[in-house]
Amino acid sequence: MDAIGSGPGAAGARTRAAAPTPRGRGRRILLMVLGLAVALLGVDFFAFVHQMPVTEAAPTRNADGIVALTGGPFRINDALDLLASGRGKRLLISGVNPVTRPGEISRLVPEHQRWFTCCVDIDHSATNTIGNAVETRRWVKARGFQSLIVVTANFHMPRAMFELGHELPDVVLVPYGVISDKVRVEAWWENSETARLLFLEYFKYIVARVRLWLPLSVE
């Protein structure tokens, strides 16, 4: 007599039991898709960081106007330096706190005070990068400018250029990334705060891209 569980019938049962179920195949496919997505996001993140300037350099060309997106130190001063050196005809400082008056800003940069009486405009409406882009578009169109130097932090530059490029597709945008000693993009993995900042900025950049793929309009 054959032992219990032996024989061709039992072997066939074991083979059938070992065969992958549709649910198991689905899980493996899902894991493969998720792994591929993570890999693609990783590559995209490194490309995102790679496009950030790591040293301050003169703009590649002069422009009709200059816009400084507030939110960090040195941006306004650097933008005023560009204006004073003839890199643009007029400066827009976008995203200024509504309670801050032009005189208060000019007192912080006494060497550039005279420019506030002729060539500097203040935007109090924008509260984020989307608002910066919308208000900059209105300013550029009102002035009839065809080119613009964009002054913001180096880590903020990809998203700023993306939003401005969407609002001003026919205007030449020239980036001027402001470098902070506290944010060393070229060695971001060595500092947890810098890494966190860049990952957050990348997330916002992805959200901006997805938002502009959708049939929605934000004013």
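**Figure 1. Cys119 is buried, at 13% relative accessibility.** Buried stands for under 20% relative accessible area, exposed for over 50%, and partly exposed for values in between (1.4 Å probe, protein chains only). The model is predicted: local features need pLDDT of at least 70 and side-chain atom pairs count only at pLDDT 80 or more, while totals for chains, interfaces and linings use all residues. Residues are numbered from 1 along each chain as its sequence is written, and side-chain values use heavy atoms, with hydrogens and water left out. Cys119 forms a disulfide (cysteine sulfur atoms within 2.5 Å) with Cys118, and the two sulfur atoms lie 2.4 Å apart. The angle about the S-S bond is -95°, and the link between Cys118 and Cys119 is left-handed. Unlike Cys119, which is buried, Cys118 is partly exposed, with a relative accessibility of 38%. How many disulfides does a search of the whole structure find? The search finds one.

**Figure 2. The protein has seven helices and five strands.** Helices (H or I, at least four residues) and strands (E, at least two) are DSSP runs, numbered from the N terminus. Starting at the N terminus, the order of the elements is α-α-β-α-β-α-β-α-β-α-β-α. Of the 219 residues of the protein, 40% are buried. Among contacts (heavy atoms within 4.5 Å) that link residues at least 6 apart in sequence, 76% join residues at least 24 apart. The average pLDDT (the predictor's confidence in each residue, from 0 to 100) is 84, and 87% of the residues score at least 70. Confidence is lowest in helix α1 (residues 8-18), with a mean of 51, and highest in strand β1 (residues 65-69), at 97. Where pLDDT is low, the predicted coordinates should not be read in detail.

**Figure 3. Strand β1 is largely enclosed by the rest of the structure, because five of its five residues are buried.** Gly65, Val67 and Leu69 are buried on one side of β1, and Ile66 and Ala68 are buried on the other, so that both faces are covered. Strands count as paired if DSSP finds at least two bridges between them. β1 runs parallel to strand β2 (residues 90-94), and five bridges join the two. In this pairing Val67 stands opposite Leu92 of β2. β1 also pairs with strand β4 (residues 147-153), again in the parallel sense, over four bridges. Here Gly65 stands opposite Leu148 of β4.

**Figure 4. The largest nonpolar core has 21 residues.** A nonpolar core is a set of buried Ala, Val, Leu, Ile, Met, Phe, Trp, Tyr and Cys residues joined through side-chain atoms within 4.5 Å. The residues with the most contacts inside the largest core are Ile66, Leu83, Leu91, Val120, Ile149 and Val151. At least two residues of this core come from each of β1, α3 (75-84), β2, β4 and β5 (172-178). Which element gives the most to this core? Helix α3 does, with four residues. A second, separate core has 15 residues, among them Leu69, Leu148, Met157 and Val171. Returning to the largest core, Ile149 is in contact, neighbours within four places in sequence aside, with residues that include Pro59, Arg61, Gly65, Ile66, Leu82, Val174 and Tyr176.

**Figure 5. Helix α3 has buried residues covered by strands.** Arg75, Asp78, Ala79, Leu80, Leu82 and Leu83 are the buried residues of α3. Their cover includes β1, β2, β3 (120-123), β4 and β5. Gly86, just after α3, takes a positive phi of about 80°.

**Figure 6. Val54 and Glu186 are 132 residues apart along the chain, and their C-alpha atoms are separated by 6.4 Å.** Val54 lies in the loop between α2 (22-50) and β1. Is Val54 buried or partly exposed? Its relative accessibility is 40%, so Val54 counts as partly exposed. With neighbours within four places in sequence set aside, Val54 is in contact with Ile179, Val185 and Glu186. Ala187 sits in the loop between β5 and α7 (192-213). Ala187 is 133 residues from Val54 in sequence and 9.9 Å from it in space, C-alpha to C-alpha. At 7% relative accessibility, Ala187 is buried, whereas Val54 is partly exposed.
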